[in-house]
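Thanks for making the time this morning. I would like to take you through one model slowly, beginning with the chain as a whole and then stopping at a few places in turn.

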Amino acid sequence: MEKSRRTFIKQAALAGTGVLLAKTGWSAASYKRIIGANDRVRVGVIGFSDRHKSSHIPSFMNHYKELNFEVVAVSDIWNKRREEGAATWKAKMQNDVKAFRNNEELYDSKTVDAVFISTADFQHARHAIEAVKAGCDAYVEKPFAETMEDNRAALKAINESGKIVQIGSQRRSGANYHAANDFIRSGKFGPITMVELTWNVNQPGRWRRPELLGTLKQEDTDWKRWIMNRPYEDFDPRKYLEFRLFWPYSSGLPGQWISHQIDTVHWFSGLKHPRSVAANGGIYMWKDGRSNWDTITAVFDYGPLDDLSTGFQVTFASRMHNGDENPSEIYYSNGGELNLITNKVSPTGGLTEKMAAAMGMKANLLPEIDLANTEKVVASANTGGDVLTSNHVRNWMECVRSRKQPNAPVEAGYSHSIANIMTNAAVHTGFKATFDEHTQEVMVNGKIFKY
């Protein structure tokens, strides 16, 4: 025990001088601003969004007292949301919550240790870079990035910082998803041959904010700061408030929904991205000025890059004009299916003993297994403090204290972003998209895809 204590003290001293401790995996960055067990973690809010209000707040409130966290600041470039955010959190926390006009002012104040980031889709990666460079841990909503330039820059910055970053892919904190991953990884399921993903809704107002459009004035926000590194255009309150409908501020269906479901494919299979993606669809119903499709079918080819004779297909289909808001994720093998609608493994559709015998094969007869049917995915626009999101926020909070990697580390966000961007490339060019491992670029027709 005494030897272990002396070793730790020696390692901490070395880290303090900037010496990398390669043998232990610790580095100077790992020790920078480590929060003591009894210290309160001060949290800032980057973007007082609908997602933050409906889901982060109730999830955080479930755990903040036990884990000794508090929200102390809100940054939002729109004065209406900035004031609402500070007032809302002040009432929740029963302490002073400062309102900042932008993230630069917030970080310059040195008042926060960690942040929630729930801004517009195209801003997540850049805001994550700002956070870790300011020395803060971060919970970053998905999609992580909508361009490979942003994706690569954020991955590099986060990995170099040593900060704790949780990507908002809450399925990674579900007991049923962990059970599914364990079963597939055990080899009992057999090789994956096909995955069917669907996400259908019938909500004319999904991602629309008509009640707010008349309240947003250019002088009350910072349009140039909002547009960040996208091509400049004149102020448009629809694009500001309804960004999910407009490229290049969001990819819409891929960024919002593929990012969740394709992440489980990467997790369960151990593959980092598709080999190729093709897509078709259009705006078939909601002719409201949007540029992002309301209907899509994307087809992904997955497998080892050095062996094209093995692999599996993934399909993602989504429509916004007819659906029951019950996302479907079904994994198939020759032995049956793993169904994350019912949370069951079953031999449904699998090779029977009789069929196998006729071919001189042995059937992989899957057993009937319940994958812990306790944490149903809540798929509405604003999920509230659902179990998966609450678990996910708690996991981040615990990792901020322990300095362990969270359930959805930055690599998960990097991978789902590659799949999203490949889908966007197929959507916007009409060609099959591939990924160049050497350059880490999405390619179409022999050219790098640019929005």
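I will go from the overall counts to one sheet, then to a single lysine, then to a second group of strands, and finally to a pair of helices.

Please keep in mind throughout that what you see is a predicted model. The secondary structure of the protein chain comes to 16 helices and 17 strands, and of its 451 residues, 55% count as buried. If we take the contacts in the chain with a separation of 6 or more, residues 24 or more positions apart account for 72% of them.

Let me turn to the open sheet, which has six strands in the order 3-2-1-4-5-6, with parallel pairing. Which strands stand at the edges? They are strand 3, residues 98-100, and strand 6, residues 165-167, and because each has a single partner strand, one side of each is left without a neighbour in the sheet. On average, and ignoring direction, neighbouring strands of this sheet are turned by 20° against each other.

Staying with strand 3, its pairing with strand 2, residues 69-75, is in the parallel sense and runs over three bridges, and within strand 3 it is lysine 98 that stands opposite alanine 73. Helix 5, residues 79-93, lies across strand 1 (41-46), strand 2 and strand 3, and runs at about 165° to strand 2.

Further along the order, strand 4, residues 114-117, pairs with strand 5 in the parallel sense over four bridges, with isoleucine 117 opposite valine 140 of strand 5. In a regular strand the side chains alternate between the two faces of the sheet. For strand 5, residues 137-140, both faces are covered, since Asp137 and Tyr139 on one side, and Ala138 and Val140 on the other, are all buried.

Now to the single residue I wanted to show you, lysine 53, which lies in helix 3, residues 50-61. Is lysine 53 buried, exposed or partly exposed? Its relative accessibility is 28%, and therefore it counts as partly exposed. Leaving aside its neighbours within four places in sequence, lysine 53 is in contact with Phe48, Pro58 and Glu84, and with the last of these there is a polar contact, side chain to side chain, at 3.3 Å. Lysine 53 and serine 118 are 65 residues apart in sequence, and their C-alpha atoms are 9.9 Å apart in space.

The next stop is strand 10, residues 312-319, for which I have two pairings to report. With strand 7, residues 194-198, strand 10 pairs in the parallel sense over five bridges, and there threonine 315 is the bridge partner of glutamate 196. With strand 9, residues 295-302, the pairing is antiparallel and extends over eight bridges, and phenylalanine 300 stands opposite valine 314 of strand 10.

I will finish with two helices. Helix 13, residues 253-269, packs against helix 16, residues 410-429, at an angle of about 125°, with the axes 9 Å apart, and that angle is why helix 13 counts as oblique to helix 16. The crossing of helix 13 past helix 16 is right-handed. Among the residues that make the contact are Pro254, Gly255 and Ile258 of helix 13, and Ala412, Ser415 and His416 of helix 16.

How values were computed
Residues are numbered from 1 along each chain as its sequence is written. This is a predicted model: local features need pLDDT of at least 70, side-chain atom pairs count only at pLDDT 80 or more; totals for chains, interfaces and linings use all residues. Side-chain values use heavy atoms; hydrogens and water are left out. Two strands pair if DSSP finds at least two bridges between them. Axes are lines fitted to C-alpha atoms, for helices over the stretch in contact, and angles run from 0 to 180 degrees between N-to-C directions. Contact means heavy atoms within 4.5 Å. Buried means under 20% relative accessible area, exposed over 50%, partly exposed in between (1.4 Å probe, protein chains only). A polar contact is a pair of N or O atoms within 3.5 Å; within protein, one must be able to donate a hydrogen and the other to accept it, and residues adjacent in sequence count only if both atoms are side-chain atoms. Angles under 35 degrees count as roughly parallel, over 145 as roughly antiparallel, 65 to 115 as roughly perpendicular and the rest as oblique. A crossing is left-handed if the near helix is turned anticlockwise from the far one by less than a right angle, and right-handed if clockwise.
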